[in-house]
Amino acid sequence: MNNNTCLIEIPALLSKKTSKILTFKTESLIIEKPTGLKSPDFIPAETITGFRYGVSWIRGYAFTFGRQYFIEIQTDQQKVVSIKLGSYYSIRKKLYDQLWSEIIHQLWRYYFVNQYNYYYDLYKINQTFELCGIYVHPNGIGWDALNILQWNEVGISNYYNYFMIYNRKNKKQYKSRSFAKDWNAVVLQAVLKEIVDEKKVVF
């Protein structure tokens, strides 16, 4: 592979066979199943508009016996491509956790860091924009007419599955975004964190 390509192979749960191959390129993402009859999913980079990710638990009657790691990629045609890694009774749990994290990292590196740069540049030229349901203004953020925070009021709390935006002077005034449910929550988190950190120096 050349320097502009990253290959991730996902092994099957109960065999040494490869169940899925992801090929990350600057110009595209290719997802294929070597053992399947279905043609590969070829997604041009310019059509990728969003992603979200998470872990859901697989529960039996009395106990949890597995987990499913998932990543969903959205295109500009509202098509959603899903990548799922299911671990049962801890089989391949550690490996799938590592691969899930690596796929998220490569999605960011190849496609979504550009989105981050785009929105951050809009902020730098004082252009108001909306991302993940939050309006970013030159002087602060808002999510409706009653909840507009100046930058010196904005606080961010980060958690594993989500993050919260809140009023540092009134923590009852807040909004949360889930990495599993909200498209591009991680992009919004990165943009807001960068701006808030900058403003800390100013204030």
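L14, Y88, Y89 and I91 make up a nonpolar patch on the surface of this predicted model. Together, the four residues offer about 450 Å² of accessible area. L14 lies in the loop that links β1 (5-11) to β2 (18-25). Two buried residues, S28 and K199, and the strands β8, β9 and β10 are covered below.

**Surface patch**
- The patch members are L14, Y88, Y89 and I91.
- L14 has a relative accessible area of 72%. That value is over 50%, so L14 counts as exposed.
- The loop holding L14 runs between β1 (5-11) and β2 (18-25).

**S28**
- S28 sits in strand β3, which spans residues 28-32.
- Its relative accessible area is 2%. The cut-off for buried is under 20%, so S28 is buried.
- Leaving out residues up to four places away in sequence, S28 touches T23, F42, I43, P44, A45 and Y111.

**K199**
- K199 belongs to helix α2, residues 185-202.
- At 19% relative accessible area, K199 falls under the 20% limit and is therefore classed as buried.
- Y123 and W151 touch K199, with residues up to four places away in sequence not counted.
- The side chains of K199 and Y123 are joined by a polar contact of 3.2 Å.
- N152 is 47 residues from K199 along the chain, yet their C-alpha atoms are separated by 7.0 Å.

**Strands β8, β9 and β10**
- Strand β8 (residues 129-131) pairs with β9 in the antiparallel sense, over three bridges.
- Within this pairing, L131 stands opposite I134 of β9.
- The β8 and β9 hairpin has two residues between its strands. C132 in this hairpin takes a positive phi near 55°.
- On its other pairing, β9 meets strand β10 (residues 140-144), again antiparallel and over three bridges.
- Y135 has G142 in β10 as its bridge partner.
- Two residues form the hairpin connection from β9 to β10.

**The two faces of β9**
- Which residues of β9 (134-137) lie on the covered face, and which on the uncovered one? I134 and V136 are on the covered face. Y135 and H137 are on the uncovered face.
- I134, on the covered face, is the residue opposite L131.
- Y135, on the uncovered face, is the residue bridged to G142 in β10.

Methods
Residues numbered from 1 in each chain as written. Predicted model: local features only at pLDDT ≥ 70, side-chain atom pairs only at ≥ 80, totals over all residues. Heavy atoms only, no water. Helix = DSSP H or I, 4+ residues; strand = E, 2+ residues; numbered from the N terminus. Buried < 20%, exposed > 50% of the residue type's maximum accessible area, 1.4 Å probe, protein only. Contact = heavy atoms within 4.5 Å. Polar contact = N/O pair within 3.5 Å; in protein donor to acceptor, adjacent residues only side chain to side chain. Patch = residues over 30% accessible without salt bridge, like charges linked within 9 Å, V, L, I, M, F, W, Y side chains within 5 Å. Areas by Shrake-Rupley, 256 points an atom, 1.4 Å probe, with all protein chains shown as cover. Salt bridge = Lys/Arg side-chain N within 4 Å of Asp/Glu carboxyl O. Pairing = 2+ DSSP bridges.
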